[in-house]
Amino acid sequence: MLKKFLLLFLLLLKVASFSKDIYSLEAISDSYNNLNLKNKISFTAFSNALDGLNQISTKKNILTIVDFTKPSTEERMFVIDLDNNKVLLSTHVSHGKGSGDLYAQSFSNKDGSYKSSPGFFLTGNIYDGINGESLELHGLEKGINDNARKRNIVIHGANYANPKFIVGNGRLGRSKGCLAVPFSINKNLINTIVGGTVFYVHINDYEIKEKEINLSLN
């Protein structure tokens, strides 16, 4: 089943040659302002996400951005409908326990590190896992996040990702590397972004390098 899924996306996806005017700095700035993203996610995170999306062609113009420059006490995952210029939902999201406490500051692609991985992913299938309904993530950047499937890095619900956990703890709980969200939003979230949408995890000093984004999904 997984092989069929990957083959399907290899047929549907390709490196795109978009006009530079589509995602010019002015256009990105206008979109950022129209979406009212100021003080929600950084402009750099939004700009990087569009730059990366510019290299990937999908049939679904839904973009998810996780801004790990923000503390876990704030909402830092945003799902955006680019066709309708609308934020579909936003939520708190946990990072890996190996990445830090209040802030995610250390990242890894290695199994057993319990760290989050940055960069660009494609969403895969929904399945019923040990944490309930979960969504696969396929890392697109070699050496950065391409071990996501081997590490079983997914999106799932967790009690420790509920904002109520912050009271008395000073931060959200942490995962083993997965992107955990409150159970109350998990089903809606994963059903909104399932099946080949672009998912970007932003960190400080992250640079987009076209040659590093690939569709091999190895």
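Reader: What makes strand 4 and strand 8 a pair, and in which sense do they pair?

Author: In this predicted model, strand 4 (residues 119-129) and strand 8 (residues 198-202) share 4 bridges and run in the antiparallel sense; since at least two bridges are needed for two strands to pair, the 4 bridges found here meet the requirement, and therefore the two count as paired. Two positions illustrate this: Gly119 stands opposite Val201 in strand 8, and Phe121 has Phe199 as its bridge partner in strand 8.

Reader: How do you know that strand 4 and strand 5 pair?

Author: Strand 4 and strand 5 (residues 132-139) are joined in the antiparallel sense over 7 bridges, and because at least two are required, strand 5 is counted as a partner of strand 4. One of the positions involved is Asp128, whose bridge partner in strand 5 is Glu133, and the connection from strand 4 to strand 5 is a hairpin of 2 residues.

Reader: Why are strand 3 and strand 7 called edge strands?

Author: The open sheet has 8 strands in the order 3-2-1-8-4-5-6-7, with mixed pairing. Strand 3 (86-91) and strand 7 (179-181) each pair on one side only, and they are the edge strands. From one strand to the next, the twist averages 25 degrees.

Reader: What does helix 3 touch when it packs on the sheet?

Author: Helix 3 (residues 43-53) touches strand 1 (62-67), strand 2 (77-81), strand 4 and strand 8, and a touch of this kind means heavy atoms within 4.5 Å. The direction of helix 3 makes about 140 degrees with that of strand 8.

Reader: What makes a group of residues a nonpolar core, and which members touch the most others in the largest one?

Author: The members must be buried residues of certain nonpolar kinds, joined through side-chain atoms within 4.5 Å, and the largest such core here has 45 residues, of which Phe46, Ile65, Ile155, Leu179 and Phe199 touch the most other members. Helix 3 gives the most to this core, with 5 residues. Leaving aside residues up to four places away in sequence, Ile65 has contacts that include Ala45, Phe46, Ala49, Phe78 and Tyr200. In soluble globular proteins, nonpolar side chains tend to be buried together.

Reader: How many of the residues count as buried, and what makes a residue buried?

Author: A residue is buried when its relative accessible area is under 20%, and of the 218 residues of the protein, 49% count as buried.

Methods. Residues numbered from 1 in each chain as written. Predicted model: local features only at pLDDT ≥ 70, side-chain atom pairs only at ≥ 80, totals over all residues. Heavy atoms only, no water. Buried < 20%, exposed > 50% of the residue type's maximum accessible area, 1.4 Å probe, protein only. Axes fitted to C-alpha atoms, helices over the stretch in contact; angles between N-to-C directions.
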